[in-house]
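This note is offered to a reader meeting the structure for the first time. It proceeds from the strands to the helices and then to the pocket.

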Amino acid sequence: MRNQLTENEQWILDFIRKNPYISQQELAQKLGLSRPTIANLISGLMKKGHILGRAYILNETQPVICIGGANVDRKFHIKDKVQLGTSNPSYVTQTAGGVARNIAENLGRLGLPVSLLTACGADKEWSIIEEASALYMNLETVNQFPEKSTGSYTAVLDENGELVIALADMDIYDAITPDLLLKYEAILSRSKCIVADLNCPKDTIQFLCHFSKNHHLPLVIVPVSSPKMRRLPCDLHGVTWLITNRDETETYFQSEIKNEEDWKQAVENWLSIGVANVIITNGKKGSMIGNKEEGIFYVPAVETSHIVDVTGAGDAFSAAVIYSWLEGKSFIDIAKAGSINASKTLQSPYTVRQDLSATQLQKDLEELS
C-alpha cells in the first residue's frame with residue numbers, strides 16, 4: 001500500500017504525468033519552491049515507489065524488472081579449425097551482455113517498459129554496459145560497488161560460430177541479496193512481472209519466490225547454466241514461468257532426457273514442484289511447453305541454415321516467450337515467438353539483434369505461417 005502523498009508531491013506527479021521530461025527547475029518555478037526542495041520531494045517519491053527513476057517513469061507504467069547478470073561479453077572468433085594446446089588465429093569482439101540485461105534489452109526493443117536490477121563495479125566495463133543499455137531500460141536500480149569488478153563473460157567460438165569454451169567472472173552478483181532487493185520493495189511490488197536469472201544467489205531466488213507469491217506478482221526464472229541449477233530452491237511455488245533447456249533440466253533432476261517421452265516427463269516434473277508454466281528447449285529439436293491446466297505441447301524449432309553467433313540466442317528465446325505471454329498469446333504462439341527470435345538472433349552478429357521490434361517480431365511469425 002502506498003504512503004500518503006503531500007499536496008506538493010501530488011502536484012509534482014501531476015506535472016510529470018503531463019510532461020515526463022520536465023526539469024526540476026521548471027517544477028520549482030511552477031510550485032514556487034527551491035530546486036533542492038524539488039529534488040528532495042522527487043527522491044521521496046522514488047523511495048515510495050511512485051517514480052521509478054530519471055525521465056520520471058511513473059509507477060503506473062508497471063515495468064518488467066529484470067534481476068541478475070549484466071556483463072561485458074568478449075568473444076574470441078577462431079578463424080580456422082580449433083586446435084587445442086596451441087595458439088589459434090582469431091579476432092575479438094566486445095559487447096554488453098548478461099542474461100538479465102540481454103532479456104531486458106530484448107523486451108525494451110519490443111516496446112515494454114523495463115528496469116534492470118543488478119550489481120556492477122565503478123569501472124570501464126560498466127560504462128560500456130551503461131552506454132549500450134540506457135536506451136532500452138531504466139538503470140536507476142543498478143547498484144555500484146567500487147571495490148568489485150563488473151561481471152564479464154569470455155566466449156571462444158569456432159569457425160562455425162559454435163561455442164568451444166566460456167569463462168565467466170560473476171562474483172559480483174553475490175551482492176544481489178534479499179536485503180538489497182528489500183531496498184526496492186515499493187518498485188518490485190508495483191511491477192508487471194519480475195524476471196530473475198540464476199546469477200542471483202540461492203537465498204535471493206528463494207526470497208523472490210516468496211515475495212512474488214505474497215504480492216501476487218508473476219515471476220519468471222531463467223537459468224544461466226547447468227552448474228547454477230543448484231541455486232534453484234526445492235519448492236518452486238510462486239514461480240510463474242521457468243524457461244530452461246535440456247541440459248539444465250537433466251542436471252537438476254539427475255535424469256537423462258533420451259526421447260520425447262522423457263522430455264514430456266521432465267515438464268511434468270517441473271510442474272510437480274510448484275512451477276506454473278514450463279518450457280524446456282532442446283536446440284534444433286525444438287521445445288516442450290506446458291502447464292497443468294492446458295497440457296503439454298511440443299513445438300518444432302525454426303530451421304536456421306546459417307549461424308553467425310550463438311551468444312544471446314537463449315536470452316532472445318526467453319524474452320520473446322515473456323513478451324508473448326504478457327501479450328496474452330496461446331501456448332503454441334508463445335513457443336513459436338521464442339523460436340523465431342532465437343533463430344533471427346543466431347543469424348545476427350549481435351547478442352541482441354538490432355532489428356528487433358514488436359512489429360518485426362510479428363512479421364517474423366507471419367513468415368512461419
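1. The model under discussion is predicted. The points below should be read with that in mind.

2. A sheet of nine strands may serve as the starting point. The sheet is open, its strands follow the order 5-4-1-8-9-10-11-12-13, and the pairing within it is mixed. Strand 5 (142–144) and strand 13 (295–299) are the edge strands; each has a single partner strand, so one side of each is left without a neighbour in the sheet. On average, neighbouring strands of this sheet are turned by 15 degrees against each other, direction ignored.

3. One pairing within the sheet deserves a closer look. Strand 9 (residues 219–222) runs parallel to strand 10, and the two are joined over two bridges. Here V220 is placed opposite W241 of strand 10.

4. Two helices pack on this sheet. Helix 10 (residues 260–272) touches strand 10, strand 11 (277–281), strand 12 (287–291) and strand 13. The direction of helix 10 makes about 145 degrees with that of strand 11. Helix 11 also packs on the sheet, and its contacts are with strand 1 (64–67), strand 8 (193–197), strand 9, strand 10, strand 11 and strand 12. Between the directions of helix 11 and strand 10 the angle is about 155 degrees.

5. Strand 2 (residues 71–78) should be considered separately. Is this strand largely enclosed or left open by the rest of the structure? Six of its eight residues are buried, that is, under 20% relative accessible area, so strand 2 is largely enclosed by the rest of the structure.

6. The partners of strand 2 are paired with it in opposite senses: strand 3 (residues 90–97) is antiparallel to strand 2 over eight bridges, whereas strand 6 (residues 152–157) is parallel to strand 2 over six bridges. In the former pairing, F76 has V92 as its bridge partner; in the latter, V72 stands opposite S152. In general, strands of a sheet pair through backbone hydrogen bonds, in either sense.

7. The largest pocket has a volume of about 1,700 Å³. Its lining comprises 47 residues, and N245, T281, V310, A313 and G314 lie nearest its centre. By class, the lining holds 18 nonpolar, 20 polar and nine charged residues.

8. Which elements supply at least two residues each to the lining of the largest pocket? Among them are strand 2, strand 10, helix 4 (99–109), helix 9 (246–253) and helix 12 (331–346). Helix 11 gives the most, with five residues; this helix also packs on the sheet described above.

Note on methods
Residues numbered from 1 in each chain as written. Predicted model: local features only at pLDDT ≥ 70, side-chain atom pairs only at ≥ 80, totals over all residues. Heavy atoms only, no water. Buried < 20%, exposed > 50% of the residue type's maximum accessible area, 1.4 Å probe, protein only. Helix = DSSP H or I, 4+ residues; strand = E, 2+ residues; numbered from the N terminus. Pairing = 2+ DSSP bridges. 1 Å grid on protein atoms, 1.4 Å probe; cavity = no way out; pocket = protein on both sides within 12 Å on 5 of 7 lines; lining within 4 Å. Points joined across faces, edges and corners; volume = space filled by probe spheres on them. Nonpolar A, V, L, I, M, F, W, Y, C, P; charged D, E, K, R; others polar. Axes fitted to C-alpha atoms, helices over the stretch in contact; angles between N-to-C directions. Contact = heavy atoms within 4.5 Å.
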